[in-house]
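Student: I've got a model open and some labels I'd like to question. Can we go through them?

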Amino acid sequence: MSLFTVERGSTRQTQLRLAGLTVLAVVAVAIPFLFGPYRVSQFTLVLIYAIAVLGLNLLVGYSGQISLGHGAFFCLGAYTGAILLDRTSIPHLLTVPAAGLVCFAAGLALGLPALRLRGLYLALVTLAIAIATPVLIKRFDGLTGGSQGISIQQPKPPASLGLADDQFLYFLSLVVAVPLFWFASGIVRRNVGRALIAMRDDETAARTMGVNLATFKTRAFGLSAAYAGVAGSLFTFANGFVAPESFTLTVSFAFLAAIVVGGLATVAGALFGALFIVFVPVWSSDVDEALSGVIYGATLIACMYVFRGGIMGLLRSAWGRIAEVQGTTTGRSDDEVGEEVAVAGDVRRTGAGARGMRS
Amino acid sequence: MERFIQLVIDGIAIGSIYGALALALVLIFRSTGIVNFAQGEMAMFSTFVAWALVQAGLPLGLALLAALAASFGGGMLIERVIIRPVEGEDPLTILIVTLGLFILVNSGAGWIWGFNNRGFPRALPGGSTTVAGVRLSYESLGIVAVLLVVVGLLWLLFEKTKLGLAMRAAAANPASSRLVGISVGRTLAIGWGLAALLGALAGVLVAPQLFLDVNFMGGVLVYSFAAATLGGFDSPKGAVIGGWIIGVAETLAGDYIGFIGSDLTILVPLAIIFGVLLVRPNGLFGSPEVVRA
């Protein structure tokens with residue numbers, strides 16, 4: 001069947017993981033030196049979107065709450081950053097945590113009503129919020145600059161680094177993205193992640209096991225929004241400009257497409273999802289302006305029919321053919337059990353029969 | 001006072017359009033438990049078909065009939081090809097598929113007809129009459145009349161025909177319906193066809209006022225969601241009455257609340273969706289959800 005087997009929890013497995021991460025790190029650092037400025041700015045966008053997509057995946061993929069409005073948090077983060085830079089003289093980097101905090105608070109606030117809304121109704125409310133966002137920005141033009149938008153000074157690299165502007169923006173985004181990915185992959189494997197997954201798969205059972213639904217749901221919302229907000233503030237750096245047109249419903253839909261394509265309830269999937277939503281429009285716009293939408297739509301539907309695990313699911317099954325991971329549950333670390341639970345959740349979801357729809 | 005009555009009547013007219021699209025949502029929700037996020041985009045596509053037929057030289061009446069028939073067929077086809085494979089899956093899966101359909105139809109129309117907005121010919125006569133100082137446009141009256149006729153026809157279909165009985169049975173209990181020889185798949189497809197037809201009707205009625213472009217039904221969909229939520233997602237009566245309430249609330253809020261004006265009317269359905277879901281999640285006429293824990 002598979003080419004070789006790896007003992008679970010063995011040094012071999014750890015070595016393989018480290019090797020994989022090293023390759024990824026080398027590629028990530030090499031990118032800005034291998035491509036021209038235009039391409040590098042696209043990879044910067046990939047990193048930025050990946051943060052927002054990861055946040056959305058924590059909410060949708062892990063905790064099972066559907067949000068179609070994450071473009072709104074992304075927008076809130078971007079405008080928080082832009083307004084701070086425009087009105088005050090705070091250093092660029094401080095706007096990133098500021099945007100994260102503002103969105104965390106907004107996410108908690110939206111998480112509260114979300115406690116009473118499940119499934120499709122939550123989707124409806126968040127969709128309405130996403131639609132209302134550009135309208136509200138235009139209305140509060142005193143603060144937001146209306147449809148004119150706000151231009152800001154992009155962060156400049158310190159001369160000592162010897163980096164070009166585009167390379168600096170890339171590394172700035174990378175430096176923000178890496179700890180956020182590390183943090184997310186940490187929590188989803190530990191008790192928080194397991195609580196979220198349990199809640200997604202069966203609320204009653206989760207509550208019986210002692211998961212406080214209200215706490216976890218609102219915090220998942222807050223955290224997810226904070227990720228989107230941080231991404232938004234980085235987007236402001238990368239763009240040097242914010243305007244309502246950048247935050248239409250399309251953004252929210254693209255994020256959703258990205259989590260599905262990358263793989264629901266995966267951390268690394270966010271990166272693939274972000275690559276998809278950055279490069280599909282770039283390449284398809286040569287053919288027709290509408291083609292990227294056609295591809296998004298068709299891919300979403302195709303994913304649900306054929307490969308529900310998204311790209312990560314495909315990679316996992318491909319890897320399963322190369323190496324088989326052996327071992328028993330006993331004596332395993334929390335990390336691995338957590339990972340297993342996440343995967344089991346995917347499988348259950350794929351095989352899900354008729355579940356209650358009118359939730 | 002005249003102004004108030006005027007606004008209420010305008011609200012009922014536009015609310016009838018929301019009601020028609022909400023009725024389409026309710027029709028699908030009742031039979032399959034799916035909230036079809038793509039309903040508005042399907043209606044947009046149908047409206048474009050009608051527009052293209054008019055451009056091709058067909059008389060307006062004939063073009064509308066052809067577009068409505070095509071919508072019925074298209075709705076059945078979508079149910080069969082796209083929805084059937086995921087029927088009965090968990091909400092997230094179905095939501096993603098209907099959103100995929102939303103994006104696909106939206107961009108598909110953009111690809112075929114471009115992203116410019118276009119004028120759409122009025123199917124209803126222009127002009128107006130004045131009753132007791134209140135101006136009643138024939139168009140508004142016509143829209144309300146069309147909605148009432150449609151509701152009447154649907155009532156006849158569901159209550160007085162064998163097909164309607166089969167559709168209600170298939171919605172209530174698919175397994176038992178199969179046992180008595182009802183083709184559940186066919187009734188579901190017809191349900192989607194009818195919903196697409198209703199949506200198309202809403203589209204061609206509202207297009208002359210909004211201008212036709214690929215995103216013109218997006219706003220209407222939000223209002224219709226609000227109407228269906230307010231009325232109760234499984235209540236046709238609720239959809240129509242909900243549509244009227246939303247329409248009236250929109251015109252009144254737009255006129256009397258200075259902060260909202262003409263730009264922020266989208267906040268009205270948003271607030272109503274929020275409020276209803278928090279206070280009375282089943283809406284005014286919906287039946288409460290029964291969950292076996």
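Student: What makes B:Ser140, B:Ile143 and B:Leu147 buried in H5(B)?

Tutor: A residue is buried if 20 or more other C-beta atoms, placed from the backbone, lie within 10 Å of its own (12 or fewer is exposed, in between partly exposed). B:Ser140, B:Ile143 and B:Leu147 are buried on that count. The model is predicted, so local features need pLDDT of at least 70 and side-chain atom pairs 80 or more, while totals for chains, interfaces and linings use all residues. Residues are numbered from 1 along each chain as its sequence is written, with chains lettered from A and ligands numbered from 1 in written order.

Student: How do you know that the span of helix H5 of chain B agrees with what is expected?

Tutor: Helices are DSSP runs of H or I, at least four residues, and strands are runs of E, at least two, numbered from the N terminus. Expected span is 1.5 Å times one less than the number of residues. H5(B) has 23 residues and should therefore span 33 Å; its end C-alpha atoms are 32 Å apart, which agrees.

Student: What do the buried residues of H5(B) pack against?

Tutor: Contact means C-beta atoms, placed from the backbone, within 7 Å. The partners are helix H1, strand S2, helix H8 and helix H10 of chain B.

Student: And which residues does A:Ala258 touch?

Tutor: Leaving out residues up to four places away in sequence, A:Ala258 touches A:Tyr49, A:Val53, A:Gly273, A:Ala274, A:Phe276 and A:Ile277. Among these, A:Gly273, A:Ala274, A:Phe276 and A:Ile277 are buried residues of H12(A).

Student: How many residues of chain A are in contact with chain B?

Tutor: 41 residues of chain A, facing 41 of chain B. H5(A) gives the most to chain A's side, 12 residues.

Technical notes:
Two residues are in contact if their C-beta atoms, placed from the backbone, lie within 7 Å.
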